[in-house]
Amino acid sequence: MLGFGVVFTYILFLYFQTVVGIWRYKQILEDKELFIVDSTIFLEYEGSSFLEWQYPDGCDVNDKRSPHAVMWCKSPGFQAVKPLISDVSTEKEEERHLYISDSFFRLAWYAVIPLLRNSPEHDPQTVRIWIIDPDRADEAVIKNTAMIPSVYFRYLTKSLFIGGEFAVIELSSFPQTSWSYFTNMGVWEARILGVHEYHHFHMTSQSVDPGELLMPTEGYYLVFDAVLLENGLIFRIGDALFWRDNEEGILRRNPMKLLGEGVKGLSFRTQCADYYPLLGFELATVLAWTDHELYKGGKALDWKTNSNYMSNVLSLPKTTTILTAAFGSQPACLGALVMYTDSVQLSLLTSCETEGIWRTRNILSTNVLQGPFQMLFVSAALETLLVWNKDSMLYSFHNDSEWRYLQIMDSSNLSQEASGSHIHHVVMDHSRNMLVKMENNVLFFCKFGMNKLFRLPTWNDPGRSVVLYLNQKGQIIMLTMLDGGLHVQKYPLQMEIRSAMRGEVHSCPFIGFTHNMNRPVYYIDKEEAIEFWAQIVYHEGKNINVMLSRNKDHVLQITERTHFESVRHLDTTNKTFTIYQDADYRDMTNNSDLIIKNSRNSSDIVTMELLPTQIDNSCNLPKNQISHFFVGCPLNRHIRVIKPQRIPCKMHVFDSYTIPGFVLSNSSKDLTVLYDWKSFGCVLRIHYKDEFRPDIDLYDGETFVHSVDANFIVWENFNREDYYFNATMHQVGCLHEAQTWKSMLVDEKRPEEAWGPHNYKSCFVDNSEKLGNLDQPYEIMNRSSMNYLTFSQENSAIYVFSVKIVDPNYSFCDLRAVFAVQTYGIPELDQLFPLYVLLFQSIITLIILCISFYRYTSIFRDMLQKKCV
């Protein structure tokens, strides 16, 4: 059975041998067995000549004459410890200076068997297991009566489970192991026989099933490489790749999914790239190569679909051989070390995944290096590479501007300094502490950036099978094959460094280095600036400063301010960096190089690295020294129309309204419009005589950023034309005719595309054009302008507007929003009013006719009477 730890190994563990005179130590947390950390250190000696432990007066040992003892120290600091031996013919055992920190916290296992009604004594019982902090334990936990964990303990337990931990119960009555499973309650549960008692727990890992592979006569497989994906593992066995998913645990082979032959190497990404600000683009997680072709794969493999997992990214002629490949210093970059057989010359090919262009880089003194090779790109602002074979290591800084050999004393050959042993593998943590492990378990250390390696104290005998790897917390873990199985232990790197370098000439040139550039990604929009600081404290006269390196110098501007203080022979330099984007886009609106994007592109990402100008192997650097600055639209940016007051939707919800035909530009009929109030939001209520100008706020998600003072345009979504702009181009002071919707809506373009930051031109800039007609309405607004909208004075109406920012210097985001306006205040006439008017007119006419008739008869009567006389 292949252990889960094979993911991190590059060789098969072979044999075990004990050498007299080896001593080591551990703290329980580092074993991940009980998780107790204070000043407790476990001492262990291997050999037959042990007498007792020698330790400081400030510490206590439970049994100083036992090869396996426990030491407690009352105060923090360095504590000198070594074993005394009886064999005077051999050299004295080396003394270690163990550093005791002043941090105290405890974690421990908690287990309980829930009582089930009517459960026979001999039936299997369920053990419920979780992690507790004794300092925060309540009375139920202390009395062992708690049946479920608290919220805090549940979170603590789940964190350990995510880290890959499994609780396993070993019974004391007879050899029996019960495996646990993690439940939705946030606890582990395991089934055991009810009559048995358990006595202790330890962590273990999953095992692999051989699956479709036939077991060889040796009884094991030689796994050359392995990578861990989100949903399984990929193994390189022989010259083929095999897949094992997390659900079934069976090794499978499929040449359509994974390379089935000719595979020379397999590599995976060691730095998290999920935070890298690329939209709609998944960076590769796996690299695999044959002699002449390089392939990449993603972070998950769907075995059940027909989609391909690996894609070819590099094909070379037969005269060029790929020696090794790795992911670059930048998350989107990758590299391949190749050899041209005609000239026996090494070259480094690098490429960015978003560009797909391969570039050739030179390697210094390649003639002295013989393969096979391995390489590791270090996360940095400028491409930084480590290359090694079995005997020597060299590295480059700042895009190959500086190449160096890693040396011990005056020799670059590590094999000579390790009794003829060869380099096994190299591990580097997030603070750039680098361990070089030799095949005989000799360890060398250096802080990357230094060219001097020094040897660490012996931790394992030469014949023991040991490998190192970096876990999710950035800790260096040591895997050791013992008689009882695979032993997992955290390697106390800092403690060993301090012990080995104590009294040596190595000393860090600075006392403290801190800064607040602690986010992986910063987003910089137009007219925005980001400011951060760095402080370095050092002894007087050292002349140390802070260095900020970056790539793509043309994208961002940086200004620096320095403040210096000197107190009691200690110098302090405080540096403040202001980072901003300084392009004027008003004159670039028709230029193809205009950086206005809705999607994120790696060409707009600048990587910056913050370091002291001097460093030594003993320096302790912060983990977050690198950040990516994305020049473009920040995440979740949008605008809102916030003024005047909205009508509450619960009181005024309607589904449709009618636009009379006489106000439409392309119709003489009434138009019924469906109003999507869930999308458009509540309407803004405006009196029909009021002038209206929308006030706009900028938001990042649901967080208010600031009010928008940039130029914007509006258009009615359903082609209403019974709204007007009150100011003309002449009234606002245009120097020439401004852009209008009539001039922009050509070639039947949609309003969303016709006018925006990409083609906006200001009428207040004298561009020597013709004056034009300045009596036209000015159709651009901003928060401080005298330009407003007015609405129909004849009919109360509903308008659905779109608003869009057109100022090319305001934002990289396509900022637009939709809002609705409802006018009110126009008196509504009764539907019978025309009939009333007609009736009134008829009555008046009838009265006039009656009066006229009466007057006519009176006059005629008078005339007849006069004739008779």
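**Exercise 1. Start from Cys 763: decide whether it is buried or exposed, then find its partner.**

Cys 763 has 2% relative accessibility and therefore counts as buried (buried means under 20% relative accessible area, exposed over 50%, partly exposed in between, with a 1.4 Å probe and protein chains only). Before going on, please note that this is a predicted model, in which local features need pLDDT of at least 70, side-chain atom pairs count only at pLDDT 80 or more, and totals for chains, interfaces and linings use all residues. Residues are numbered from 1 along each chain as its sequence is written, and side-chain values use heavy atoms, with hydrogens and water left out.

Step 1: The partner is Cys 734, with the two sulfur atoms 2.1 Å apart; a disulfide here is a pair of cysteine sulfur atoms within 2.5 Å.

Step 2: The S-S torsion of Cys 734 and Cys 763 is about -55°, so this disulfide is left-handed.

Step 3: Cys 734 sits in the loop between helix H7 (729–732) and helix H8 (741–744), and Cys 763 in the loop between helix H9 (751–754) and strand E55 (789–791), so the bond ties together parts 29 residues apart in sequence. Helices (H or I, at least four residues) and strands (E, at least two) are DSSP runs, numbered from the N terminus.

Step 4: Cys 734 is buried too, at 8% relative accessible area.

**Exercise 2. Work out the handedness and surroundings of the disulfide between Cys 508 and Cys 619.**

Step 1: The sulfur atoms of Cys 508 and Cys 619 are 2.1 Å apart.

Step 2: With a torsion of about 105° about the S-S bond of this pair, the disulfide is right-handed.

Step 3: Cys 508 belongs to the loop between helix H5 (493–501) and strand E39 (512–515), while Cys 619 belongs to the loop between strand E45 (605–612) and strand E46 (626–631); the pair therefore ties together parts 111 residues apart in sequence.

Step 4: Cys 508 is partly exposed at 21% relative accessibility, whereas Cys 619, at 3%, is buried.

**Exercise 3. Describe the bond that joins Cys 633 to Cys 813.**

Step 1: The S to S distance is 2.1 Å.

Step 2: The torsion about the S-S bond of Cys 633 and Cys 813 is about 100°, so this disulfide is right-handed.

Step 3: Cys 633 lies in the loop between E46 and strand E47 (637–643), and Cys 813 in the loop between strand E56 (798–805) and strand E57 (816–824), 180 residues apart.

Step 4: Cys 633 is buried at 15% relative accessible area, and Cys 813 is buried at 6%.
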